[in-house]
Amino acid sequence: MRVLTTPQEAFERVTGFDYQPYYAEVPDQDGGTLRMSYVDEGPRQGPVVLLLHGEPSWSFLYRKVVPVLTGAGIRAVAPDLVGFGRSDKPADPADHSYARHVEWVRSLAFDVLDLRGVTLVGQDWGGLIGLRLLAEHPERFAGAVAANTGMPTGDRDMPEVWWRFRRTVEKAENLDVGRLVEGGCARPVAEEVRAAYDAPFPDESHKVGPRVMPTLVPTSPDDPATEANRTAWRALAASRIPLLTAFGDSDPITGAMGPVLRGKVPGAEGQNHTTLENAGHFLQEDVGAELGEVVAEFVRRIHG
């Protein structure tokens, strides 16, 4: 597997995200290893929240959430998915698959960090991956927050706005990652913030992850990931693990998934639903501190 690594100097101008990056090696599923980066802040003895970002962002997305959690005595672990942030970037699209991304995060969170009693926070692909982990390893979790995400099986068509996004990502000669994030926000994004989202991708060769991820979303019933996702839905439907849906009110891409999750997962019954106002697909960017408060209160409830 040919792997690219973003030079550290690419991150020197990133502001507002001064947390120390940690690194760990995980099996690459091809006989070698990949280096994954993660932020790990807050008390080690406190309840732990696993913050999983999506496409095309990185752990920088959670910079407004982390201090709220740590201030509440919660440990915040925010990995960079393989292909994103400071993590290694497989250069061949064929090296990426839904199953591999699930396994890479599982290996980091459970084999390397041995996280237990986890509260998941998953946005976009962070939810596609995290909900699979929740369904397949429920003994590791205390609860989950689904934040503008879902777990498609390909049995229903994706909205047209998502197809337009996929076509843009696939066909753009020069993929403007910062502009894509800005387009998914309901509030203005500062120039230095757009630059921070661009930082992991110094040239087009580093952007295989952002380009390939939309193609891995199941869009037909015979997709390679469909059966695993159907199995995960059945496990979640039989689970009583508390699940909170915290969705922005201005997300045309995943907004419809909130009611689906609440209708299918018993642990999402009752008051486990929050709509965050004036927040788009990247609600951590729009209302990160508010989301942090929602997550902190949810963690307090499930841990008594």
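These legends go with close-up views of a predicted model.

**View 1. The largest nonpolar core.** Let's start on the inside, with a core that counts 95 residues as members. Leu51 and Leu69 touch the most other members of this core. Helix α10, which covers residues 283-302, gives the most to the core, with eight residues. As background, nonpolar side chains in soluble globular proteins tend to be buried together.

**View 2. Leu51 and its contacts.** Now zoom in on Leu51, one of the two core residues that touch the most other members. Which residues does Leu51 touch, if those up to four places away in sequence are not counted? The answer is Tyr62, Val65, Val66, Leu69, Ala76, Val77, Ala78, Pro79 and Val121. Look for Leu69 in that list: Leu69 shares with Leu51 the top place for touching other core members.

**View 3. The largest pocket.** Next comes an open space of about 830 Å³, found in the largest pocket. Its lining is made by 41 residues, and Met158, Pro159, Ile253, Thr254 and Met257 lie nearest the centre. Helices α3 (125-136), α4 (160-171), α5 (177-183) and α9 (257-264) each give two or more residues to this lining. The largest share, four residues, comes from α4. What mix of classes lines the pocket? There are 22 nonpolar, eleven polar and eight charged residues.

**View 4. The span marked in UniProt.** An unreviewed UniProt entry places the feature "domain: AB hydrolase-1" at residues 47-179. In the model, the C-alpha atoms at the two ends of this span lie 35 Å apart. Helix makes up 36% of the span, and strand makes up 19%.

Methods:
Residues are numbered from 1 along each chain as its sequence is written. This is a predicted model: local features need pLDDT of at least 70, side-chain atom pairs count only at pLDDT 80 or more; totals for chains, interfaces and linings use all residues. Side-chain values use heavy atoms; hydrogens and water are left out. A nonpolar core is a set of buried Ala, Val, Leu, Ile, Met, Phe, Trp, Tyr and Cys residues joined through side-chain atoms within 4.5 Å. Buried means under 20% relative accessible area, exposed over 50%, partly exposed in between (1.4 Å probe, protein chains only). Contact means heavy atoms within 4.5 Å. On a 1 Å grid over the protein atoms alone, a cavity is a set of points where a 1.4 Å probe fits but cannot get out, and a pocket is an open set with protein on both sides within 12 Å along at least five of seven lines; lining residues have an atom within 4 Å of a point. Grid points are joined across faces, edges and corners, and a volume is the space filled by probe spheres set on the points. Ala, Val, Leu, Ile, Met, Phe, Trp, Tyr, Cys and Pro count as nonpolar, Asp, Glu, Lys and Arg as charged, and the others, Gly among them, as polar. UniProt positions are given in the numbering used here, feature names are shortened, and annotations may be inferred rather than shown by experiment.
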